[in-house]
Amino acid sequence: FAFEKFPEADDTLTTQMKSVGETMAIGSTFKESFQKALRGLEVGSFGFGCDGNDLWGTDEQPDESEIKEKLSRPGPQRAWYLRYAIKSGMSVEQIYEITRIDPWFLDNLLEIVETEERIRQCDSLSQISPALVRTAKRFGFSDRQLATMLGSTESEIRAHRLQLGIRSVFKSVDTCAAEFEAYTPYFYSTYETEDEVPEKVEGRKRVMILGGGPNRIGQGIEFDYCCCHASFALREIGYESIMVN
């Protein structure tokens, strides 16, 4: 919700359409999808807090009255105030009474915060167990978040989890809902065990088309047009193509 582009607009979210965009994320769990979606907002967030950019633990940490006020009014910042509410000790029932957000979602957010607390109990990267690293990745924690909590760097976190054999795989999305064979599936990364990317066809070269990131106001369909026609042209000259965005 890029309300900063419209400084005089009321950013309260109601039944009136006010969003100037959307973020989509796919994962094996809601927790993973949610944290991915927050990273896709392009607001400097690397997930549900724990990235050095949120207010909790700083001089600007919100008090109980501010948290309740932000929760009671739907707005673009409410997602992070849900975290602050959990961190402050509010129960799922109390948050539900203020927000009317289904407890299923609140329970999932609570599990993210509980996992954060378990990670913070580890004083360094060497003390965190492989099982907890895997859980964190399945819950959508980025290497940046883990590095912030463990006093390490992204590159060190990545090297450590790769050494543990914890790496992302790619799952396919059936674009035809199993009604007939899908020739143009797309894939999402996740931290499971089975990879669903087809094996490379021997003798055929592959080309990766890198997208330009999220669509924005005034720029949208031309991105799809250019990437698709690049793929069509590559197919005509015998190349397999994969689009990454």
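On helix α8 (residues 154-163), Ser155 and Gln163 are exposed, on the side opposite to the buried residues, where exposed stands for over 50% relative accessible area, buried for under 20% and partly exposed for what lies in between, with a 1.4 Å probe and protein chains only. The model is predicted, so local features need pLDDT of at least 70 and side-chain atom pairs pLDDT 80 or more, whereas totals for chains, interfaces and linings use all residues. Residues are numbered from 1 along each chain as its sequence is written, and side-chain values use heavy atoms, without hydrogens and water.

The buried residues of α8 are Ile157, His160 and Arg161. They lie on the same side of α8 because they cover an arc of only 90 degrees around the axis, the arc being that of the directions from the helix axis to the C-beta atoms. What covers them includes α6 (130-138) and α7 (143-150); helices here are DSSP runs of H or I with at least four residues, numbered from the N terminus. Gly165, which follows α8, has a positive phi near 80 degrees.

The largest nonpolar core, a set of buried Ala, Val, Leu, Ile, Met, Phe, Trp, Tyr and Cys residues joined through side-chain atoms within 4.5 Å, has 37 residues, and Phe48, Leu71, Leu82, Ile95, Ile119, Ile128 and Phe141 touch the most other members. Helix α3 gives the most to this core, with seven residues.

Lys87 lies in helix α3, and its side chain is joined to that of Glu116 by a polar contact of 2.9 Å, that is, a pair of N or O atoms within 3.5 Å of which, within protein, one must be able to donate a hydrogen and the other to accept it, with residues adjacent in sequence counting only if both atoms are side-chain atoms.

The structure holds seven aromatic pairs, in which ring centres of Phe, Tyr or Trp (its six-membered ring) lie within 6.5 Å, and planes under 30 degrees apart count as stacked, over 60 as edge-to-face and the rest as tilted. Two of the pairs are tabulated here.

| Pair | Centre to centre | Angle between planes | Type |
|---|---|---|---|
| Phe34 and Phe48 | 5.4 Å | 75 degrees | edge-to-face |
| Trp104 and Phe105 | 5.1 Å | 90 degrees | edge-to-face |

Phe34 and Phe48 are both buried, whereas Trp104 counts as partly exposed at 48% relative accessibility and Phe105 as partly exposed at 36%. Together with Phe30, the residues Phe34, Phe48, Trp104 and Phe105 form one aromatic cluster.

Methods
Helix = DSSP H or I, 4+ residues; strand = E, 2+ residues; numbered from the N terminus. Contact = heavy atoms within 4.5 Å.
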